[in-house]
Amino acid sequence: MLEVRNLTVDFPGVRALDSVSLSFRPGEIHAVIGENGAGKSTLMKVLSGVQQPTSGLLFCDGRPTRFRQPHEAIEHGVAMVHQELHLVEALSVAENIFLGREVTRGRLGIRLDAAGMRARAAQLLGMLGAEIDSRASARDLSIADAQFVEIAKCLASDARVLIFDEPTAVLGERETARLLALLRKLREEGRAIVFISHHLEEVVDNANRVSVLRDGKFVAAFERYDGILRCAEGKPSRESALAQAMVGRPLGDLYPTRAAREDRAARIALEDFGAMGRSAGVSLSVAPGEIVGVAGLVGSGRTETMEAIVGLRRAAGRVRLDGEVVRFASPRDAMRHGVAYISEDRKGRGLHVSLSAMINCTLPTLDRFTTAKGASISTARERATTHRWIQELGIRCARIDAPISALSGGNQQKFAIARWLEGTPTVLIVDEPTRGVDVGAKAEVYRVLAQLADAGMACIVVSSELPELRGLCDRVVVLRQGRLVGELPRSRLLLPDAEERLIRLASGLSETKDDTW
Amino acid sequence: MVSTASTVTNSAKLSSGPSRVARLFERWGVLVAFVLLFAASTALQGGEFASIENFRNMLNQNASIGILAVGMTLVIISGGIDLSVGSMLVLAAAFGLTLTNELIAREWSEGTAVGVGIAASVISGVLAGSINGVLIVFGRLAPFIATLGGLVAFRSVALAMADAGEIRSASSSVFAVLGRGGFPFFGFVNSAGNPITITYATVLFLAIAILAQWFLSRSRYGRQLVAVGANEVAARYAGVSVASVRLRTYLIMGAMAGIAGLLQSSRMNSVSTSQLGLGIELDAIAAVVIGGTSLRGGFGRVWGTVVGVLILGMIANMITISGISPYWSGAVKGAVIVLAVLVQRSRS
């Protein structure tokens, strides 16, 4: 029904998809899995007409096609159910379902056929097994119901290929079961379902076909026959096998060797800590010189927990700094106590992309550059400091007064780190230290973090990249649904199946595979 | 070890985008426009416009709008807007003058009464500004809404104070000096042989503008103001106290409205509560926009605003002198505002 051949997508400095060929058939649930950054989202964007491929072909019903715009994809019956929902809150459920395809009556085609649309919407929702009033306001829908409305919207346009991008990430257990039942129902109707999920259990239980992407390349396929998901050699495969296919990358010299560390008392300790409404009961302590990783799926509450430490969110529980109970009111307050948090969202929160590299570099520590109680900034000292960090971290930056958005992701990230190091913190919390950073700069970021730790910094590294956590950290804790569910010490991080163990923990399974293959 | 790929991207990005000429024009275009307009104006009036006296008059007439526009520049850089400046202005002027009159009636010395009244004007401006600031920062109201409330409410208080009429100054000589007097200007004399003075109002306007530009580009407050306007969330994550920065900005705006109100009431030696400062917020915003400050916040320049004030003043002046119906001035101003933004908007 829908097929891609030798699909390649290049972004500046990165090949997001590398010659990927896949086909999506009617009556099948086709799961696409891979680590973050493996190219899944890029693939989905090409399929739904949001992203144009650099090269490669797209076939629809056997004919070569191009989707230049999302609506062209929809006209060909390919619809995407987005991860973040796109309902217009001010409109009713029925109005949302027919948004942009309003049905009219009368000869002029002006008068909306409101009753007709309501009836049709109710019919579609009934077919989906959802008990949603088509007259209700979209604002009042739960996330799960909103997702059903999104699906109804796709069906209203007669979509034959439905793409789901992590549909269950935001759903609870019961709602997830409801949604999966619906996917199976849509499959029975002969539609092609493309399904992205980090929850491998869902994949194993529901997919007819699984394609694994890694670093933009297609690396493995699984197929269900005789009711069992099997790998290419025909061996029955469960979550563990999928996880192994997703990672399966040797740890090269990407990661620095660490100095031997003596046991020291905790610099920072979380006790029964959590971000209100997002996480709870997290206990974790980090000693000087230690790098502790925090793993977890999107939505596990990792970022929120870290933000709560530095006062960006309301916190529950205690934070101890060298044994003293502290509570920071703001990042500024935290910095005064030597605790720095580097956001995962570099463009939106971590940096001011429209401002210059120098302004970004000195903003958190601006007080150090001012005289006369802040009335005057010494630009000369700012320049000197910015150049010093450029030297120290090997940043490529031609002009420090040009907007920092002109720099590559890696160089931006180094500035994002440098600006906090300037405040000489003793605790550094880095969220996704290498997101959107190319491989060469990644290694440098790792080297910097390792050097800081070896010099006595207590580091917390939050990451979705399991090889990174494994290669860099002394130990890794795993969060799931706001709770700490496991910890891997260095000894177990060195095991060949360490990443698989982390994925299992993050997906709600036990660390080791006591279930069947 | 940074990969060459990323370096290539950088240089490509730097060289692409608008050409050097376009970027220069984007930056200095408002000055070019000013010079052209000045030349046109001079030619139109047979050289008369370029006279020092004419220019001095224009500066003097626009000093209070200019002071408001300087404050407005800071507000707009912070990502906000203040629609209530005209109403704050009349409230501050009415309050100050009423107090002065009251004190004179109680037989205080005229000088002391005027001094207290001046202080009261500025303080009431700051208080009005603090109401805006608190509503915006702690009440989390959109600046447009909060100051729309102020626009309506503050003038209403002034109207109530004088039954919508005029408050005449009881100070026969002292108060009016502020708005009418000035420093002698290098011994220049006008055609009638009287010395040309540069008014206190003009000096105050220019001093405030220079100070504001310096604070904007050189002080911690200015830097944090730009950071808050460019991306409030990122500023918070970087440890900037966003609430304090925004609050201070509306306080400064209130103080500027108080000072502008003083200058206007002093020039008339009275306050017309229904007329003073009516619609002046739009002139102030227009001057800021013509000066190249981004309405989205995060970028701006006080010197541009000063040029913007002069451009608007010159247009009004040209229309008056050339005998065109003054009703047309709005059409010309409107065209200039739109044109200025069209030319200066970033081409990225």
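Helices (H or I, at least four residues) and strands (E, at least two) are DSSP runs numbered from the N terminus, and these element names serve as signposts throughout the tour. The model is predicted, so that local features need pLDDT of at least 70 and side-chain atom pairs count only at pLDDT 80 or more, while totals for chains, interfaces and linings use all residues. Residues are numbered from 1 along each chain as its sequence is written, chains are lettered from A and ligands numbered from 1 in the order in which they are written, and side-chain values use heavy atoms, with hydrogens and water left out.

**Stop 1: the largest cavity**

Select A:His198, A:Leu297, A:Ser464, A:Leu466 and A:Ile503, which, of the 15 residues that line the largest cavity, are the closest to its centre. This cavity holds about 210 Å³ of space, and the structure has four cavities of 30 Å³ or more. A cavity is a set of points on a 1 Å grid over the protein atoms alone where a 1.4 Å probe fits but cannot get out, and lining residues have an atom within 4 Å of a point; a volume is the space filled by probe spheres set on the points, which are joined across faces, edges and corners. Next, show helix H18 (residues 498-506) of chain A, which gives the most to the lining of the largest cavity, with three residues. If the lining is coloured by class, nine of its residues are nonpolar, five are polar and one is charged (Ala, Val, Leu, Ile, Met, Phe, Trp, Tyr, Cys and Pro count as nonpolar, Asp, Glu, Lys and Arg as charged, and the others, Gly among them, as polar).

**Stop 2: salt bridges in chain A**

Over all chains, a search of the whole structure finds 45 salt bridges, each being a side-chain nitrogen of Lys or Arg within 4 Å of a carboxyl oxygen of Asp or Glu. Select A:Glu271 and A:Arg320, which form a salt bridge whose closest N and O atoms are 2.7 Å apart. A:Glu271 belongs to strand E14 (residues 268-275) and A:Arg320 to strand E17 (residues 315-321) of chain A, so the pair ties together parts that are 49 residues apart in sequence. Buried means under 20% relative accessible area, exposed over 50%, and partly exposed in between (1.4 Å probe, protein chains only). A:Glu271 is partly exposed at 22% relative accessibility, and A:Arg320 is partly exposed at 27%.

Move to A:Glu487 and A:Arg475, where the closest N and O atoms of a salt bridge are 3.0 Å apart. This pair links distant parts of the chain, with A:Glu487 in strand E25 (residues 483-489) and A:Arg475 in strand E24 (residues 475-480) of chain A, twelve residues apart. A:Glu487 is partly exposed, with a relative accessible area of 36%, whereas A:Arg475 is buried, with 15%.

The side chains of A:Arg501 and A:Asp497 also meet in a salt bridge (3.0 Å, N to O), and both of these residues are buried. Then select A:Asp10, A:Arg15, A:Asp18 and A:Lys217 together, since salt bridges that share partners join these four into one network.

**Stop 3: a buried glutamate in a loop**

A:Glu432 is found in the loop between strand E22 (427-431) and helix H15 (439-454) of chain A, and A:Glu432 is buried, with a relative accessible area of 5%. Add A:Gln413 to the selection: from C-alpha to C-alpha, A:Glu432 and A:Gln413 are 10 Å apart in space and 19 residues apart in sequence.

**Stop 4: positive phi**

Most residues other than glycine have a negative phi. A:Asn6, which is not a glycine, has a positive phi of about 50°; the residue lies in strand E1 (residues 2-11) of chain A and is partly exposed, with a relative accessible area of 45%. Turning to chain B, select B:Asp163, likewise not a glycine, with a positive phi of about 50°. B:Asp163 sits in the loop between helix H6 (143-161) and strand E1 (166-168) of chain B, and at 73% relative accessibility B:Asp163 counts as exposed.

**Stop 5: surface and interior of chain B**

Select B:Phe25, B:Val32, B:Leu36, B:Val338, B:Leu339, B:Leu342 and B:Val343, which form a nonpolar patch on the surface with about 610 Å² of accessible area together. Patches are made of residues with over 30% relative accessible area and no salt bridge, with like charges joined within 9 Å and nonpolar side chains (Val, Leu, Ile, Met, Phe, Trp, Tyr) within 5 Å; accessible areas come from the Shrake-Rupley method with a 1.4 Å probe, and for residues only the protein chains shown count as cover. Helix H2 (20-44) and helix H14 (329-344) of chain B each supply at least two residues of this patch, and the largest share, four residues, comes from H14 of chain B. Within helix H2 of chain B, pick out B:Leu36, which counts as exposed at 58% relative accessibility.

Finish at B:Phe205 in helix H8 (residues 200-218) of chain B, a residue that is buried, with a relative accessible area of 1%. With B:Val306 shown as well, the two residues are 101 residues apart in sequence and 9.2 Å apart in space, C-alpha to C-alpha.

Methods: 1 Å grid on protein atoms, 1.4 Å probe; cavity = no way out; pocket = protein on both sides within 12 Å on 5 of 7 lines; lining within 4 Å.
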